[in-house]
Amino acid sequence: MKRGERTVAGSAKKPVKDAKPGKPESHLAMVRRARRINRELAEVYPYAHPELDFRNPFELLVATVLSAQTTDLRVNQTTPALFAAYPTPEDMAAAVPEELEEIIRPTGFFRAKARSLIGLSASLRDNFGGEVPGRLADLVTLPGVGRKTANVVLGNAFGVPGITVDTHFGRLVRRWKWTEQEDPEKVEAEIAAIFPKSEWTMLSHRVVFHGRRICHARKPACGACPIAPLCPSYGEGETDPEKARKLLKYEMGGQPGQRLSPPPDYPGKPAPALGAG
């Protein structure tokens, strides 16, 4: 059995809730269930990782800014040419806007993103000695960098624990009734109170992996979900195991992942380069 195959053998069992029927789940019961879900996801996705290709903090910062309103795959297909042309903050700060825009055009919103990239690169050059800072307070001063982007960089380039609240993360933690908040900062605060700080970064990866592969926005694959017994929203999606398995994405569905250069323990196929399919 391949790593990760546990998910596609997922259960179509009805959820087993800690609370009795008609009785609201207590906060303590929710915390216990949330932590159990995290443990289960750690077994399902032992290879969970950031799905942006990067070799240093600057590349991760740029890739994360580019990932807004597009897929990590499209960013990964775009950044090889980008970093070949502008390998350092100094290079990118001096870029001709129209030339930079043309390279990042496939990621969408390329004019606004080009302004952010040139601006943040100039700030790194002028205010941080050409180095990406390792503090959230400094990162959020950079053009185009908000708390979510800062947490991605801190957690994955500097080893500083952080919770990354993207659309997948927010959707799943609300489905799992860990929070009712919609504002990303409030979501981050409530989830941070449930888990030890040491778990924050990997929790973010596991939840996002699950959201991209199984618990989709419009049609979650409930019948192939390994944590279905712990999910209070079981039944929002397809519950038939065979039909649900057809909804699985990336390595769970036997398809390439999003990274052109995935980690060595990734069980799926590398993504194709731009124009290769």
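A residue counts as buried here when its relative accessible area is under 20%. Keep that cut-off in hand for the first stop: asparagine 38 comes in at 5% relative accessibility, so it is buried.

**Before you start clicking**

You're looking at a predicted model. Colour it by pLDDT: the chain averages 93, and 92% of the residues score at least 70. Now select residues 1-20, where pLDDT stays under 50. The model still has 50 contacts beyond four places in sequence for that stretch. Where pLDDT is low, the predicted coordinates should not be read in detail. Hide that segment if it gets in the way, and move on.

**Stop 1: Asn38 on H1**

Select asparagine 38, which sits in helix H1. Show what surrounds it: leaving out residues up to four places away in sequence, asparagine 38 touches Phe195, Glu199, Leu203 and Arg206. Phe195 is a handy lead into the next stop.

**Stop 2: the largest nonpolar core**

This core has 41 residues. Pick out Tyr45, Phe169, Trp176, Trp178, Ile191, Ile194 and Phe195, the members that touch the most others. Which helices each supply at least two residues of the core? Colour H1 (27-44), H9 (167-175), H10 (184-192) and H11 (200-213) and you have them. H1 makes the largest contribution, with six residues.

Zoom in on phenylalanine 169. Beyond its neighbours within four places in sequence, its contacts are Ile163, Thr164, Val187, Ile191, Leu203, Ser204, Val207 and Val208. Then zoom back out for a second, separate core: this one has 30 residues, among them Leu66, Met92, Val145 and Ala150.

**Stop 3: salt bridges**

Side chains of opposite charge can pair when their charged atoms come close. The model has 15 salt bridges; here are three to look at.

- Glutamate 51 and arginine 213: their side chains form a salt bridge at 2.8 Å, N to O. This pair joins distant parts of the chain, 162 residues apart, with glutamate 51 in the loop between H1 and H2 (57-66) and arginine 213 in H11. Buried or exposed, at 5% relative accessibility for glutamate 51? Glutamate 51 is buried, and arginine 213 is buried too, with a relative accessible area of 0%.
- Glutamate 188 and arginine 147: the closest N and O atoms are 2.8 Å apart. Here again distant parts of the chain are linked, with glutamate 188 in H10 and arginine 147 in H8 (147-157), 41 residues apart. Glutamate 188 is buried at 12%, whereas arginine 147 is partly exposed at 34%.
- Aspartate 126 and arginine 125: this salt bridge is 2.7 Å, N to O. Aspartate 126 counts as exposed, at 52% relative accessibility, and arginine 125 as partly exposed, at 36%.

Go back to glutamate 51 and widen the selection. Glu51, Asp72, Arg212, Arg213 and Glu251 are linked in a network of salt bridges.

**Stop 4: Asp72**

From that network, centre on aspartate 72, in helix H3 (72-85). Aspartate 72 is buried, at 8% relative accessibility. Setting aside neighbours within four places in sequence, aspartate 72 is in contact with Glu51, Leu52, Ser67, Arg212 and Gln258.

**Stop 5: the largest pocket**

Rolling a probe the size of a water molecule over the atoms shows where empty space is left. Turn on a surface and look for the largest pocket, which holds about 770 Å³ of space. Which residues lie nearest its centre? Select Asp72, Asp166, His168, Val208 and Arg212, out of a lining of 35 residues. The elements that give two or more residues to this lining are H2, H8, H9 and H11. H11 gives the most, with seven.

**Stop 6: the cavity**

For the last stop, jump from aspartate 72 to cysteine 215. The two are 143 residues apart in sequence and 18 Å apart in space, C-alpha to C-alpha. How many cavities of 30 Å³ or more are there? Just one is counted, and the largest cavity has a volume of about 120 Å³. It is lined by 15 residues; select Cys215, Pro220, Cys222, Cys225 and Cys231 to see the ones closest to its centre.

How values were computed:
Residues numbered from 1 in each chain as written. Predicted model: local features only at pLDDT ≥ 70, side-chain atom pairs only at ≥ 80, totals over all residues. Heavy atoms only, no water. Core = buried A, V, L, I, M, F, W, Y, C linked by side-chain atoms within 4.5 Å. Buried < 20%, exposed > 50% of the residue type's maximum accessible area, 1.4 Å probe, protein only. Helix = DSSP H or I, 4+ residues; strand = E, 2+ residues; numbered from the N terminus. Contact = heavy atoms within 4.5 Å. pLDDT = per-residue confidence, 0-100. Salt bridge = Lys/Arg side-chain N within 4 Å of Asp/Glu carboxyl O. 1 Å grid on protein atoms, 1.4 Å probe; cavity = no way out; pocket = protein on both sides within 12 Å on 5 of 7 lines; lining within 4 Å. Points joined across faces, edges and corners; volume = space filled by probe spheres on them.
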